[in-house]
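Work through the exercises below with the model open. Try each task before reading its solution.

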Amino acid sequence: MQEVEIHEYARRLFNAHGAKAAAEAAQKARSCEESGKGEDAKTWRHVEAAIKQMLGPHQS
């Protein structure tokens, strides 16, 4: 997934889940890691980082 797609997906996830979106992305990343899906986990970590960036300091 390209960076633009990651940020677009992060924005949609944030709009759907609000401040809980970062936790949702982190949970999906952990699930992928546990299933051995390293590339998917990496993508979810990028989505999580993009959401945290949207939240700004002290809200992640």
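**Exercise 1. A charged residue in α3**

Task: Find which residues Glu48 touches, leaving out those up to four places away in sequence.

Solution. Contact means heavy atoms within 4.5 Å. By that rule Glu48 touches Ala22, Ala25 and Ala26. Next, place the residue: Glu48 lies in helix α3, residues 38-55. Helices here are DSSP runs (H or I, at least four residues; strands are E, at least two), numbered from the N terminus. Then classify the burial. Buried means under 20% relative accessible area, exposed over 50%, and partly exposed in between (1.4 Å probe, protein chains only). Glu48 has 11% relative accessibility, so Glu48 counts as buried.

Before going on, note the ground rules. This is a predicted model: local features need pLDDT of at least 70, side-chain atom pairs count only at pLDDT 80 or more, and totals for chains, interfaces and linings use all residues. Residues are numbered from 1 along each chain as its sequence is written, and side-chain values use heavy atoms, with hydrogens and water left out.

**Exercise 2. Two alanines of α3**

Task: Decide whether Ala41 is buried or exposed, then do likewise for Ala49.

Solution. Start with Ala41, which lies in helix α3. Its relative accessible area is 4%, so Ala41 is buried. Look for its partners: Ala41 touches Ala29, Cys32 and Glu33, not counting residues up to four places away in sequence. Check one pair by distance. Ala41 and Ala29 are 12 residues apart along the chain, and their C-alpha atoms are separated by 4.3 Å.

Now take Ala49, also found in helix α3. Ala49 counts as partly exposed because its relative accessibility is 44%. Ala49 and Ser35 are 14 residues apart along the chain, with 21 Å between their C-alpha atoms.

**Exercise 3. The segment before α1**

Task: Classify Gln2 by relative accessible area.

Solution. Gln2 is found in the segment before α1. Its relative accessible area is 58%, so Gln2 is exposed. For a distance check, use Gly18, 16 residues away along the chain: the two C-alpha atoms are separated by 23 Å.

**Exercise 4. α1 against α2**

Task: Describe how α1 and α2 are placed relative to each other.

Solution. Two packed helices are described by the angle between their axes and the distance between the axes. Axes are lines fitted to C-alpha atoms, for helices over the stretch in contact, and angles run from 0 to 180 degrees between N-to-C directions. The axes of α1 (residues 3-17) and α2 (residues 21-34) come within 8 Å and cross at roughly 120°. Angles under 35 degrees count as roughly parallel, over 145 as roughly antiparallel, 65 to 115 as roughly perpendicular, and the rest as oblique. α1 and α2 are therefore oblique to each other. From α1, Leu13, Phe14 and His17 make the contact; from α2, Ala21, Glu24 and Ala25 do. These residues divide into 4 nonpolar, 1 polar and 1 charged.

**Exercise 5. The whole chain**

Task: State how many helices and strands the protein has.

Solution. Count 3 helices and 0 strands. From the N terminus on, the elements run α-α-α. The C-alpha trace spans about 30 × 20 × 20 Å along its principal axes. Buried residues make up 27% of the 60 residues. Among contacts between residues at least 6 apart in sequence, 56% join residues at least 24 apart.

Notes: Ala, Val, Leu, Ile, Met, Phe, Trp, Tyr, Cys and Pro count as nonpolar, Asp, Glu, Lys and Arg as charged, and the others, Gly among them, as polar.
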